[in-house]
Each structure stands twice: as C-alpha cells, then as structure tokens.
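Trainee: I have a two-chain structure open and would like to talk it through with you. Could we go over it step by step?

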Amino acid sequence: MAKMESKKKITKKFWTKLILAPILMFFFAYAMVPIYGVFCEITGFNGATGRVDSEQTYVVDETRKIEVSFFAMTMNGFPVQFGPKVSTMEVIPGKFYTTSYIAKNNTDEIVIGQAVPSVAPTGAAAYFKKLECFCFNKQVFKPYEQVEMTLRFVIEPELDERIKDVSLSYNFFKLNS
Amino acid sequence: MTTAIAHTDGHHSPEKGLMRWIKTTNHKDIGSLYLWFAFTMVLIGGAMAMVIRMELFQPGIQLIEPQFFNQMTTMHGLIMVFGAIMPAFVGLGNWLIPMMVGAPDMALPRMNNWSFWILPFAGGILLSTFFMEGGAPAFGWTFYAPLSTTFAPDSTDFFIFAVHLLGFSSIMGAINIIATVLNMRAPEMKLMDMPLFVWTWLITSFLLIGAMPVLAGAVTMMLTDRNFGTAFFDATGGGDPVLFQHIFWFFGHPEVYIMILPAFGVVSHIIPTFARKPLFGYSSMVYATASIAFLSYIVWAHHMFLTGMPVAGELYFMYATMLIAVPTGVKVFNWVSTMWRGSMTFEAPMLWAISFVFLFMIGGFSGLMLGIAPADIQYHDTYFVVAHFHYVLVTGALWSIIAATFYWLPKWTGKMYNETLAKVHFWWAVISVNVLFFPQHFLGLAGMPRRIPDYSLQFADFNMISSIGGFAFGASFILFTYIVIDCIRNGKPTDARPWEGAKGLEWTLEPKAQYHSFNTPPTRALIEQESQHS
C-alpha cells in the first residue's frame, strides 16, 4: 500500500529527538537559573555584589577617591528598624574598609530576616567585594534588641575610572523560619 | 496492525451523535472542534474586552472594581492567546495540512484527539477561577513574579495547572504536525513543493516545541515557589524576580511568532488566488519564515528595556530586534509583488488578506518603534504597546483566521457563504477595528498607562472613540456568526474549486472535502499542476 511506503520517512532517531526536545527545553528553563546566576556574578548585572574570602592586596592608587553611599530599606511589614551607621564614606579603591548597619527590633517577638544587597551603578557591582557581611546569613533579632552588624568591603581598583560615586543598598525581607 | 489498516481503509461515514466528536480521530472533525472551541473562546475573551472598554468609556471608576478590571485584562489576554488564536491555528492546520500534503489523515490521530480534548478542560479550569475566593488571576497575562507568586490569589494554582495543560496540548499538536508533514506527505512531494501554509506551520511547530516547555518550566517554578518553599523568584531566598521575566520572555517572544507565522502562510495562499498569479518569491518566503523563527529566540529582552540592563545588552537586543524587520519586509514585498499586475478581484477572503498586509504592517512599524531602546523608555507599558500588539494580533493573526475561514469554508462545507453580507461584515470590521485601536497609539504616546481602570481627563476623548469602535467591532462578530451558520445551513452548493485562481491539492477534492481524502497519494503530475509557485 502506498500509505505504508510513505510511512518510512521519519526514522526512530528522529522520533526520539522529537519527544526529547520538549523535555530538554523544559529543563532548559531550569538551567536558566544557574546560567543567570553566573551571568549576574560576572557582569554585576542586577547589582549583585561579589565576595572575597581573605584580605587580598591590591595595587592601591592613593589619589583616587570614590564616595560610597549606604542605603537601607525594609520590605512592607518588616518590623525591624534598620539603617546605616554612617551614610557616606570616602573610599580608596584597593583598600579594605569596615562600617556597620544598626538594626532594632521594635516588637516583642523574634524576627528573622534576610538582607539582599544591590549596588548601583550596574558597572560597579562586579568590583564591589565583601569580606564580611550580615547579608551572608539570615539574621535573628530578639525582642526589642538593638544590634550592630558589621560590613567589611573593598572596591577593586579595576573599577571604571569614570565612576566616582557608588551606592550600596540593603533590603531586608522577613523569613518565616 | 492489520486490523488498524482494515479499519482506516473502510470508507465508512462518521459515527452518529455526540460520541462522534468525543471519539473522533479524523483530522477534519478535530479541525472543526478546534475551530469551534477557538470561536467560543473569542466570544468569551471578547466579552471581557467589552467590559474593559465599558469601564474605560469615561474617566473615573463607573462599572467595576479595579481588582475586577485587572482580572478582566489578565483573563482577556490569556483566553485570547492560549484559548483563541493558538487553537484556531491548530484547527486550521488540522483541517488543511493533511489535504495540502496529500495525506489521508494526521500522523498521530489518537494523540490528536487527546490534544484537542485537553483544551476544553484547560479552558474550563482557567475560567473557573472567576468563581473562586480571591477571584481570578489579576496580574496581567505576563504574570510577572512576585505579583503572581507572593501576592497572587489562591486561584493562581489553578491558572498554573491550566497553563500546563494548554502547553501539553500545544506540544502534542506540534509533534503531530511535524510527524504529518515529514511522514505522511505524498511520496512525490518534495519539501520545496509544499504550500506555504504547510511550511509556516512546520516552522511554527518547531517554535512550539522550543518555547512551550520553557513556559511550563516557568509556571512550575511559580508553583514550587508558591507552595513548596523554593525561591526561584524570591529575593529573600536568593532568587531573583528579574529571572522570571527572562524565562517568561524567552518563551514569550517565540510565542508571538507562533501566533503570526501561520497567518503569513494563510495570506500567501489567498493573495495568489485572487491576483491570479503564482506567489512571488516562494523560496524567499520559506527562508524568510525560517529566519524570523530563528531570530525570535534571540531578541526576548527587548520586552525588558526598563527592567534594567547593561547598555551593551540594550544595544544588542535593539539591533537584533531591528533585524527581524528584514525577513518580514521580504514577505510584505513578496505579497505586494504577487499582486502587482495581477488580475485582481476582491472577494471577501482577498479583502481580509489585503487589509491584513496593510494593518499588520502598521503593527510591525509600531513594533520597530518599540524596539528602539531609548524610545521605549517613553512607550513602555503605555497604550502604545496595547495598540501595537492588537494591530499584530487582531488585524494580523485574527484577520488571517477570518480570511482563512471565508477562503476554505466552501471546501469545509461544500457550500458558498453570502458574499454581500461578507463584504458588509468586512467593511464593518475593518473600519471599527481601526476606530478601536488607532486612537490607542495617541493615548500611549501621550502617556496613558496600560492595565489601569481610570485615567486623567485629557485622555477622555480618545478613550471614548476607542470604546465606540470596540463596541462596533464586538458587534461585527454577531454578523460573522450569522454568515458562517447561514453558509452551513443554507449556502448554495459550490464547485470543487470555488475560486477561479485557487491552486492546491485541497481543491482537487470533492466540493465538500470527503471524510477520508487522499487514501491514495496524489501523483507527481497533480502536485506540479496544483503548485502555488511555478
């Protein structure tokens, strides 16, 4: 029968591909999560900041100064008062600096939160590296407790010469556990 | 195996009654089911659009609560995209592709039945969210996180399940069409002999296979974020809401070409017929379609210029977007060249097809404007965007579906529709649709945001004009319904080839295409004689 002859065109291999392609594309959506993470880390896209594990030494140009501004935000309904200890700092690229943020829990309950950092402008984020940060872990605030949370960071000298001002902001989210 | 062959070989007529439609594996029956389903959804989604236009008739909140307004815009978009346009094209594909490639049926008829019958359930689940506590999804058809995760009503989980089902149905439909075109095509028909509707659907199928699973992935992440403690899009847990937009538009941009490529195919059949000339530049049409499909995968972030992106990214996505205008331009010029010095007549399908070319081009140009990254800062999320995508989806995709309905209705029913009424319907629709959508360009440029139930006074006049156009356009569907039903019931019998200049294997069948066609494949001579292109 003619119909049977024309049935031979798709090979078994092609069938397999035809079924596998949608399944692979489904997992591709999931693969976009780590791909996006790596992309953000490399480019500093979305203000994601990097981490350093030890105090490296950089070539320091003492004449170059960058003004770093610190900001703080809390998500709606987060009952902890939160703000930087100093609002601006003059920073020489390549040197490590320490500053801190102060938080006060205004309720009689234990509050658990997570701070998420963001650096602007976008081009600066990749060179803003932190050695120590309260954003590395979730924070537990006891009732009516005031805490000072330290932040130790460096701006790498590879930062674009044209950038004179950098701002770092933290947004605190409430965690349920 | 032998029993199966004996079964399909019998020239029995369809089963009687309701069970015929539930159990059917016949591509013509399933095509009709898809088309009627899509038609019902157009009316439901259209009714929602009427509610939106009623609320926007005057400034201020008159008729509905803002929350309900948001549900209307969200569900209107979802129903029209996933319930109306996509199933309508699958329906056309089901009806026409086997006839156009000289095949007796689709390659996987039982799966075909399944992929249709999923749809009413998916649509039903989606619509049932209106009756749930918290109401239907109200976060826009693009369901950006965290609106759709942290802040969404409980009914969102039903929406997610509905999207899963719709995606499943589309993927099965796509696999079926690829298998049909590659496996069931008449042995004498080479790939470059295939009519353009078949080509565009084959390419669309690959887009569906590539894009729909990504959507399924996105909604699955939403589901686990909402219910199982993951944090893909939740910054608290290390996720990122911007990631949602990337995943969504990685699906979303191919999706818009899924909805327009088959339309290009339809128009490439109708224009040569009524210009009585072979299609100009057949092979360039095929390559242009393939290039558009490829480019559609690498331009998604032009929907996100205001989400925040490095300048290099904006430039890349801007230029890549502009590039799509090249193959699209090739198509438009080919259609115009096909008409050039042709012996044109203007029956209803041709009127719809010509106005498709003209109006789709307006939508294409406003798309180019939106693709310019610095200009998009002004246009983003305004009514200009609404005007743009309604010009490409209503006067583009929907126009071609209506054109196809009039063009192939004689072949589906063996009867001719009322040409006078069809012309009245065309002019009614084409004028009202422009009254409806054209002023929205001005509203957008003046800064009226989309998805807002209220607006400032300076937008009042254009909104009223737009609403009047909307009601008139909505009413045109009453006439459309009448013309189609009148044709099915009382139409005059036609010839096998009701259009003088029509080419294609489907016109060699009986006036009303027989229930089982091409049990023996067409010969090389017949394929050459019925080729669209010389």
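Mentor: Gladly, and let us begin with a term we shall need for the strands: two strands pair if DSSP finds at least two bridges between them. Keep in mind as well that this is a predicted model.

Trainee: Okay, so in which sense do S5 and S9 of chain A pair, and over how many bridges?

Mentor: Strand S5 (residues 96–105) and strand S9 (residues 146–155) of chain A pair in the antiparallel sense, and nine bridges connect them. To find the register on your screen, look for A:Phe96, which stands opposite A:Val154 in S9(A).

Trainee: And what stands opposite A:Lys129?

Mentor: A:Lys129 also has A:Val154 in S9(A) opposite it. The pairing there is between strand S7 (residues 128–132) of chain A and S9(A), which is antiparallel and runs over four bridges.

Trainee: Switching to the five-stranded sheet in chain A, what is the strand order?

Mentor: The order is S4-S2-S10-S6-S8 in chain A, and the five strands form an open sheet with mixed pairing. S4 and strand S8 (139–141) of chain A are the edge strands, each pairing on one side only, and the twist from one strand to the next averages 30 degrees.

Trainee: Which residues are the bridge partners of A:Ser69 in S4(A) and in S10(A)?

Mentor: In S4(A) the partner of A:Ser69 is A:Thr88, while in S10(A) the partner is A:Ser167. The first of these belongs to the antiparallel pairing of strand S2 (residues 66–74) with strand S4 (residues 88–91) of chain A, which are joined by four bridges. The second belongs to the parallel pairing of S2(A) with strand S10 (residues 165–175) of chain A, which extends over eight bridges.

Trainee: What about the other end, how do S6(A) and S8(A) run?

Mentor: S6(A) and S8(A) run antiparallel and are joined by three bridges, with A:Val111 standing opposite A:Phe141 in S8(A).

Trainee: How is chain A divided into domains?

Mentor: The domain assignment gives domain 1 as 2–43 and domain 2 as 49–175. The centres of these two domains of chain A, taken over C-alpha atoms, are separated by 42 Å.

Trainee: Now the interface: how many residues does each chain bring to the contact?

Mentor: Chain B brings 28 residues and chain A brings 26 residues. On the chain B side, the elements that give two or more residues are helix H6 (156–184), helix H7 (196–227) and helix H8 (241–258). By class, that side of chain B divides into 20 nonpolar residues, seven polar and one charged.

Trainee: Staying in chain B, at what angle do H4 and H14 pack?

Mentor: Helix H4 (residues 66–100) and helix H14 (residues 383–413) of chain B pack at an angle of about 30 degrees, and their axes are 11 Å apart. Angles under 35 degrees count as roughly parallel, and H4(B) and H14(B) are therefore roughly parallel to each other. H4(B) passes H14(B) in a left-handed crossing.

Trainee: Which residues meet there?

Mentor: From H4(B) they are B:Ile85, B:Ala88, B:Leu92, B:Trp95 and B:Leu96, and these meet B:Leu393, B:Ala397, B:Leu398, B:Ile401, B:Ala404, B:Trp408 and B:Trp412 in H14(B). The contact consists of twelve nonpolar residues, with no polar and no charged ones.

Trainee: And are H12(B) and H14(B) roughly parallel or antiparallel?

Mentor: Helix H12 (residues 348–371) of chain B packs against H14(B) at an angle of about 160 degrees, with the axes 8 Å apart. H12(B) and H14(B) are therefore roughly antiparallel to each other. The residues of this contact divide into 19 nonpolar, nine polar and no charged.

Trainee: Last topic, backbone oddities: which peptide bonds are cis?

Mentor: One cis bond runs from A:Ala120 to A:Pro121, with omega near -5 degrees, and A:Pro121 sits in the loop between strand S6 (111–120) and helix H3 (122–125) of chain A. Another joins B:Ala145 and B:Pro146, with omega about 5 degrees, and B:Pro146 is in the loop between helix H5 (109–128) and H6 of chain B.

Trainee: Where does B:Asp381 lie?

Mentor: B:Asp381 lies in the loop between helix H13 (373–379) and H14 of chain B. Although B:Asp381 is not a glycine, its phi is positive, at about 55 degrees. Most residues other than glycine have a negative phi.

Technical notes. Residues are numbered from 1 along each chain as its sequence is written. Chains are lettered from A and ligands numbered from 1 in the order in which they are written. This is a predicted model: local features need pLDDT of at least 70, side-chain atom pairs count only at pLDDT 80 or more; totals for chains, interfaces and linings use all residues. Axes are lines fitted to C-alpha atoms, for helices over the stretch in contact, and angles run from 0 to 180 degrees between N-to-C directions. Angles under 35 degrees count as roughly parallel, over 145 as roughly antiparallel, 65 to 115 as roughly perpendicular and the rest as oblique. A crossing is left-handed if the near helix is turned anticlockwise from the far one by less than a right angle, and right-handed if clockwise. Two residues are in contact if their C-beta atoms, placed from the backbone, lie within 7 Å. Ala, Val, Leu, Ile, Met, Phe, Trp, Tyr, Cys and Pro count as nonpolar, Asp, Glu, Lys and Arg as charged, and the others, Gly among them, as polar. Domain bounds come from an automatic or database domain assignment.
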